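Q: I have a new model open and want to learn to read it feature by feature. Where do we begin?

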Amino acid sequence: MNVLTIYAHHNPRSFCHAVLERFSDGLRDAGHTNEVVDLYAIRFNPVFDDRDGPDWIDDSVPDDVLEHMHVKRSLLEGARNPLRRLMVKRWIGDRDDREVVRRLHALGAPRDVAEQQAKVARADALAFVAPVYFVGFPAILKGWIDRVFSLGFAFGMTADAWRGDVAGRLPLLTHEKALIIQTTIWNEESYEAGLKAAMKVLIDQYALHYPGIKRIEHEYFHAVHGADDATRRAYLDRAYSLGREF
């Protein structure tokens, strides 16, 4: 199986990195291929900005919704200087909003996003290795999902979805599995009391299963800062097993 592992921790000497290494060892010994994307090492930009806009609108938008979006006006207002505004105005020309939307979407994703999307498309399964920050992913990993799992790549939109119905989102990813491994500050009791359930909804179900990934597994290595050596060794053994049994 071809696995794409997205790793997000700023310190290459962290316990989280040791988890990544043991998980990778397990994948290798099981005969899987594993491409690791170290988001901090490549300095991935997690900030969604104007460059990402064309990736988030397409020809599926209904006429009534499109009318309220004021696409041409928004593009002109977003131009940050007179020269840029003139260039945008010429690019728009005498086209109507629908044609502008088609041209926008045809521009495609920014280069850094397109590179990540190509990696995702090549993979049979995904893995994520990161600490828990504020009951979720680190900002750099959350931003990776925000930018990479875009409209037309990770999901599509029905007319009802454009009008606000969450059930109208169309899954486009076809991966068999995603595994999430996260180190935590708080103990297992804290997660069983509600944190785990919240993350299951936001990450497992919405961010990964909803776009089409068939099976989601989420493994927590709790309270790593206060863990003794035996517990840490057990966590690393478990990371290896997760790769070996992937």
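Q: By how much of a helical turn are lysine 142 and aspartate 146 separated in helix H7?
A: This is a predicted model, so read every value as computed from it. Count residues between the two. Lysine 142 and aspartate 146 are four residues apart in H7, so about one helical turn separates them. The two form a salt bridge, with the closest N and O atoms 2.8 Å apart.

Q: Are lysine 142 and aspartate 146 buried or exposed?
A: Check relative accessibility. Lysine 142 counts as partly exposed, at 42%. Aspartate 146 is partly exposed too, with a relative accessible area of 29%.

Q: Which salt bridge lies in helix H3?
A: Look at glutamate 77 and arginine 73. Their side chains meet in a salt bridge at 3.8 Å, N to O. The two residues are four apart in H3, about one turn of the helix. Glutamate 77 is exposed, with a relative accessible area of 59%. Arginine 73, at 47%, counts as partly exposed.

Q: What does the salt bridge of aspartate 59 and arginine 102 tie together?
A: For any salt bridge, ask where each partner sits. The closest N and O atoms of aspartate 59 and arginine 102 are 3.1 Å apart. Aspartate 59 lies in the loop between strand E2 (33–38) and H2, and arginine 102 in helix H5, so the pair ties together parts that are 43 residues apart in sequence. Aspartate 59 is partly exposed at 39% relative accessibility. Arginine 102 is partly exposed as well, with a relative accessible area of 42%.

Q: How many salt bridges does the structure hold, and which residues are linked in a network?
A: The structure holds 22 salt bridges. Some link up. Asp49, Arg51, Asp52, Asp112 and Arg147 are joined in a network of them.

Q: Which residues of helix H5 are buried, and where around the axis do they lie?
A: List the buried residues, then look down the axis. In H5, residues 97–106, the buried ones are Asp97, Arg98, Val100, Val101 and Leu104. They cover an arc of only 160 degrees, which puts them on the same side of H5.

Q: What do the buried residues of H5 pack against?
A: Follow their contacts. They pack against three helices: H2 (63–69), H3 (71–78) and H4 (82–92).

Q: What should I look for at the ends of helices?
A: Look at side chains at the start and at glycines after the end. At the start of H4, a side-chain oxygen of asparagine 81 comes to within 3.2 Å of the backbone nitrogen of leucine 83. Just after H4, glycine 93 has a positive phi of about 60 degrees. Glycine 108, just after H5, also has a positive phi, of about 80 degrees.

Q: Which residues form a nonpolar patch on the surface?
A: Find nonpolar side chains that are accessible together. Tyr40, Tyr133 and Phe134 form such a patch, with about 380 Å² of accessible area together. Take tyrosine 133 as one of them. Tyrosine 133 lies in the loop between strand E3 (125–131) and helix H7 (139–148). Its relative accessible area is 32%, so it is partly exposed.

Q: How do I read a loop residue, say arginine 163?
A: Place it, check its exposure, then list its contacts. Arginine 163 lies in the loop between helix H8 (159–162) and strand E5 (169–171). Arginine 163 is partly exposed, with a relative accessible area of 47%. Leaving aside residues up to four places away in sequence, arginine 163 touches Pro62, Asp64 and Val65. Its C-alpha is 28 Å from that of alanine 139, 24 residues away in sequence.

Q: Is glycine 164 buried or exposed?
A: Glycine 164 also lies in the loop between H8 and E5. At 62% relative accessibility, glycine 164 counts as exposed.

Q: What do the totals for the protein say?
A: Start with elements. The protein has ten helices and seven strands. Its C-alpha atoms fill a box of roughly 70 × 35 × 35 Å along the principal axes. Of its 246 residues, 42% are buried. Among contacts with a separation of 6 or more, 77% join residues 24 or more positions apart. The accessible surface comes to about 13,100 Å², and 53% of this belongs to carbon and sulfur atoms.

Notes: Residues are numbered from 1 along each chain as its sequence is written. Side-chain values use heavy atoms; hydrogens and water are left out. Buried means under 20% relative accessible area, exposed over 50%, partly exposed in between (1.4 Å probe, protein chains only). Contact means heavy atoms within 4.5 Å. The arc is that of the directions from the helix axis to the C-beta atoms. Patches are made of residues with over 30% relative accessible area and no salt bridge: like charges are joined within 9 Å, nonpolar side chains (Val, Leu, Ile, Met, Phe, Trp, Tyr) within 5 Å. Accessible areas come from the Shrake-Rupley method with a 1.4 Å probe; for residues, only the protein chains shown count as cover. A salt bridge is a side-chain nitrogen of Lys or Arg within 4 Å of a carboxyl oxygen of Asp or Glu. A polar contact is a pair of N or O atoms within 3.5 Å; within protein, one must be able to donate a hydrogen and the other to accept it, and residues adjacent in sequence count only if both atoms are side-chain atoms.
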